Amino acid sequence: MDHVLVTGGAGYIGSHACKALKAAGFVPVTFDSLVTGWQDAVKFGPFEQGDLLDRARLDAVFARYQPVAVMHFAALSQVGESMQQPGLYWRNNVLGSLNLVEAAVAAGCMNVVFSSTCATYGEHDNVVLDEDTPQHPINAYGASKQAVEEILKTFGEAHGLRHVIFRYFNVAGADPEGEVGEHHRPETHLIPIMLEAIDGQREALTVFGTDYETPDGTCIRDYVHVCDLVDAHVLGLRWLQEGR
Ligand SMILES: NC(=O)c1ccc[n+]([C@@H]2O[C@H](COP(=O)([O-])OP(=O)(O)OC[C@H]3O[C@@H](n4cnc5c(N)ncnc54)[C@H](O)[C@@H]3O)[C@@H](O)[C@H]2O)c1
């Protein structure tokens, strides 16, 4: 069976992706430092603890499993933290991804599916944003993800690396079978915070923003279910494998 290296496979979306990959007939190999992830979320294939900043560790994992593709979820992803500690985000997200992509090319693994973000777009007046909308990130997190997109494009041109980039908006939901779920510490995502408030784990839920052009002035956001999202990743992987 084909192996797929899943960076960040111990995290929220990565662990759901591992489940979807296994169901699709792949062996998901989780590569994760556990900086924000959880080892007990690794249930569907081997676990290799390691940091993207450790190139030798990456090379050893590529040599051991010879994956046909990489699904790259590993990143730090808190907007506020990225503004307070931009160096942390450039180093972890950009240098880490550069290491990963160089290790993949060196190992002959030429397919990458990458988790990017709506934060690469920045602020726009038009409501519908699509792939052609100009990217003007307004925080270090979004800028770091846009930089990784550029790395992938240039490695595609220079080395033939094939890639699919997904720019998610808000991801929500959990595995209906309850094998994996969402567990961020601290939790910054609206729906888990709302559930924690309902459950009495926090005093209140604060909805920020009062002057949007909506009936009650609060903002409207788009959500994608995590299972739909990871299914799209598997489709992206198959599309890459078909050599398109
Ligand atoms: N959750 C969302 O709503 C959302 C929206 C848009 C984009 N994204 C992107 O999706 C990806 C996954 O998000 P998530 O919500 O599952 O986050 P998460 O924090 O649950 O998972 C990220 C995983 O990456 C690991 N990691 C981070 N840096 C690492 C490093 N240097 N080496 C090895 N492992 C490392 C963490 O330990 C963690 O397990 C991220 O890249 C994020 O930017 C998420």
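Which residue in E5 is the bridge partner of His72? Keep that in mind while you find your way around this predicted model.

**Stop 1: the sheet**

Start by colouring the strands. You'll see an open sheet of six strands with parallel pairing, in the order E3-E2-E1-E4-E5-E6. Its edge strands are E3 (47-49) and E6 (162-168), each of which pairs on one side only. On average, neighbouring strands here are turned by 20 degrees against each other, ignoring direction.

Now select residues 69-72 and 111-117. These are strands E4 and E5, and they pair in the parallel sense over three bridges. Click on His72, then look across to E5: the bridge partner is Phe114.

Next, add residues 55-65, which make up helix H2. This helix packs on the sheet, touching E1 (3-7), E2 (27-32), E3 and E4. The direction of H2 makes about 160 degrees with that of E3.

**Stop 2: helix H1**

Select residues 12-23. Is H1 largely enclosed or largely open? Ten of its twelve residues are buried, so the rest of the structure largely encloses H1. Among the buried ones are Tyr12, His16, Cys18 and Leu21. To see what covers them, show E1, E2, E4, E6, E7 and helix H7 (226-241), which are part of that cover.

You can also try a ruler check. At 1.5 Å a residue, H1 should span 16 Å, and its end C-alpha atoms are 17 Å apart, which agrees. Just past the helix, look for Gly25, whose phi is positive, near 95 degrees.

**Stop 3: the cysteines**

Cys18 in H1 is a good place to go hunting for disulfides. How many does the structure hold? The count is zero. Pick Cys109: the nearest cysteine sulfur belongs to Cys18 and is 15 Å away. Cys109 itself is buried, with a relative accessible area of 2%. Then pick Cys227, whose sulfur has its closest cysteine sulfur in Cys18 as well, 13 Å away and too far for a bond. A disulfide is a covalent bond between two cysteine sulfur atoms, and here a pair would have to lie within 2.5 Å to count.

**Stop 4: helix H5**

Move on to residues 140-159. The 20 residues of H5 should span 28 Å at 1.5 Å a residue, and the end C-alpha atoms are indeed 28 Å apart. Light up some of its buried residues, including Tyr141, Val148, Leu152 and Phe155. The buried residues of H5 pack against helix H3 (79-84), helix H4 (86-106), E5 and E6. Right after H5 comes Gly160, with a positive phi near 80 degrees.

**Stop 5: two rings**

Show the side chains of Tyr121 and Phe169. They form a stacked aromatic pair, 6.4 Å centre to centre with 20 degrees between the planes, and the structure holds one such pair. The partners sit 48 residues apart: Tyr121 is in the loop between E5 and H5, while Phe169 is in the loop between E6 and E7 (170-172). Tyr121 is buried, at 4% relative accessible area, whereas Phe169 is partly exposed, at 34%.

**Last stop: Ala197**

Finally, select Ala197 in helix H6 (residues 190-198). What does Ala197 touch, leaving out residues up to four places away in sequence? The contacts are Arg202, Ala204 and Leu205. With 22% relative accessibility, Ala197 counts as partly exposed. Before you close the viewer, find Tyr223: its C-alpha atom is 20 Å from that of Ala197, and the two residues are 26 apart along the chain.

Methods. Residues numbered from 1 in each chain as written. Predicted model: local features only at pLDDT ≥ 70, side-chain atom pairs only at ≥ 80, totals over all residues. Heavy atoms only, no water. Buried < 20%, exposed > 50% of the residue type's maximum accessible area, 1.4 Å probe, protein only. Pairing = 2+ DSSP bridges. Helix = DSSP H or I, 4+ residues; strand = E, 2+ residues; numbered from the N terminus. Axes fitted to C-alpha atoms, helices over the stretch in contact; angles between N-to-C directions. Contact = heavy atoms within 4.5 Å. Expected span 1.5 Å × (residues − 1). Phe/Tyr/Trp six-rings, centres within 6.5 Å; stacked < 30°, edge-to-face > 60°.
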